[in-house]
Amino acid sequence: MPERRPQIKFLKDQIGYVLDGSKTLEPRPRSHEWIEKIAQADEIELTYGSRFAPPRIFAIAKLEKVEVRPFETVTKDDLIRISRGWENKEPKEFVRIHNEWYAKELAKGYPVAWIYFMVIERPQ
């Protein structure tokens, strides 16, 4: 049986941005093991769903690259690739909000993986 592709779960309201190609970067604080696993993949599954329900795959993406760097390194180009309304905001605001959103993960010492991807398939 082939090994499953690594998955990234998105909020349902982000699906449109991913599918229209405006969102091609997702930064997430995760364990070193998780980052190593995803960094070795050629393709990843993009999913959504409630926290405790099995994820539903809405797209397959080619993994372009994974960088490990803190939120504080965000650039204006990153904000454009992250999309979801970040395109016209300042990096300083992004850093403040993401440090709040991911406070638990950051407190565990998780590094931030910047996952660059491109949608290549939309399963029906």
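## Exercises on a predicted model

E2 supplies the largest share of the lining of the largest pocket, 3 residues. The structure is a predicted model.

**Exercise 1.** Describe the largest pocket by its volume, its lining and the elements that supply the lining.

*Solution.*
- Step 1. The volume is about 640 Å³.
- Step 2. The lining consists of 21 residues, and those nearest the centre of the pocket are Lys9, Leu11, Arg28, Arg30 and Tyr102.
- Step 3. Sorted by character, the lining has 10 charged, 7 nonpolar and 4 polar residues.
- Step 4. At least two lining residues come from each of E1, strand E2 (25–29), helix H4 (91–101) and helix H5 (103–107).

**Exercise 2.** Find the salt-bridge partners of Glu26 and decide whether the residues involved are buried or exposed.

*Solution.*
- Step 1. One partner of Glu26 is Lys23, with N and O 2.7 Å apart.
- Step 2. Arg28 also forms a salt bridge with Glu26, and here the closest N and O atoms are 2.8 Å apart.
- Step 3. A residue is buried when its relative accessible area is under 20%.
- Step 4. Glu26 has a relative accessible area of 4%, so Glu26 is buried.
- Step 5. Arg28 has 7%, so Arg28 is buried. Lys23 is buried too.

**Exercise 3.** Treat the pair Asp78 and Arg69 in the way used for Glu26, then name the residues of a salt-bridge network.

*Solution.*
- Step 1. Asp78 and Arg69 are joined through their side chains by a salt bridge of 3.0 Å, N to O.
- Step 2. Asp78 is buried because its relative accessibility is 4%.
- Step 3. Arg69, with a relative accessible area of 15%, is therefore buried as well.
- Step 4. Arg4, Arg5, Glu43 and Glu45 belong to one network, joined by salt bridges that share partners.
- Step 5. The search of the whole structure gives 11 salt bridges.

**Exercise 4.** Which residues of the largest nonpolar core touch the most other members, and which elements supply the core?

*Solution.*
- Step 1. The core has 17 residues, and Ile8, Phe10, Ile44, Leu46, Phe58, Ile115 and Phe117 touch the most other members.
- Step 2. Two helices, H1 (15–19) and H2 (32–39), each give at least two residues, as do strands E1 (7–10), E3 (43–48), E4 (56–68) and E5 (112–121).
- Step 3. The element that gives the most is E4, with 4 residues.
- Step 4. Take Leu46 and leave out neighbours within four places in sequence: the contacts are Ile8, Phe10, Val18, Arg56, Ile57, Phe58, Ala59, Ala61, Phe117 and Val119.
- Step 5. Separate from this is a second core of 13 residues, with Leu25, Phe71, Trp86 and Tyr116 among them.

**Exercise 5.** List the buried residues of H4 and name elements that cover them.

*Solution.*
- Step 1. Pro91, Phe94, Val95, Ile97 and His98 are the buried residues of H4.
- Step 2. An α-helix has 3.6 residues a turn, so residues three or four places apart point the same way.
- Step 3. The cover over the buried residues of H4 includes E2, helix H3 (76–82), H5 and E5.

**Exercise 6.** Where is Lys37 found, how is it classed by accessibility, and how far is it from Asp77?

*Solution.*
- Step 1. Lys37 is in helix H2.
- Step 2. The relative accessible area of Lys37 is 47%, so Lys37 counts as partly exposed; exposed would need over 50%.
- Step 3. Between Lys37 and Asp77 the separation is 40 residues in sequence and 26 Å in space, C-alpha to C-alpha.

Technical notes: Residues are numbered from 1 along each chain as its sequence is written. This is a predicted model: local features need pLDDT of at least 70, side-chain atom pairs count only at pLDDT 80 or more; totals for chains, interfaces and linings use all residues. Side-chain values use heavy atoms; hydrogens and water are left out. A nonpolar core is a set of buried Ala, Val, Leu, Ile, Met, Phe, Trp, Tyr and Cys residues joined through side-chain atoms within 4.5 Å. Buried means under 20% relative accessible area, exposed over 50%, partly exposed in between (1.4 Å probe, protein chains only). Contact means heavy atoms within 4.5 Å. On a 1 Å grid over the protein atoms alone, a cavity is a set of points where a 1.4 Å probe fits but cannot get out, and a pocket is an open set with protein on both sides within 12 Å along at least five of seven lines; lining residues have an atom within 4 Å of a point. Grid points are joined across faces, edges and corners, and a volume is the space filled by probe spheres set on the points. Ala, Val, Leu, Ile, Met, Phe, Trp, Tyr, Cys and Pro count as nonpolar, Asp, Glu, Lys and Arg as charged, and the others, Gly among them, as polar. A salt bridge is a side-chain nitrogen of Lys or Arg within 4 Å of a carboxyl oxygen of Asp or Glu.
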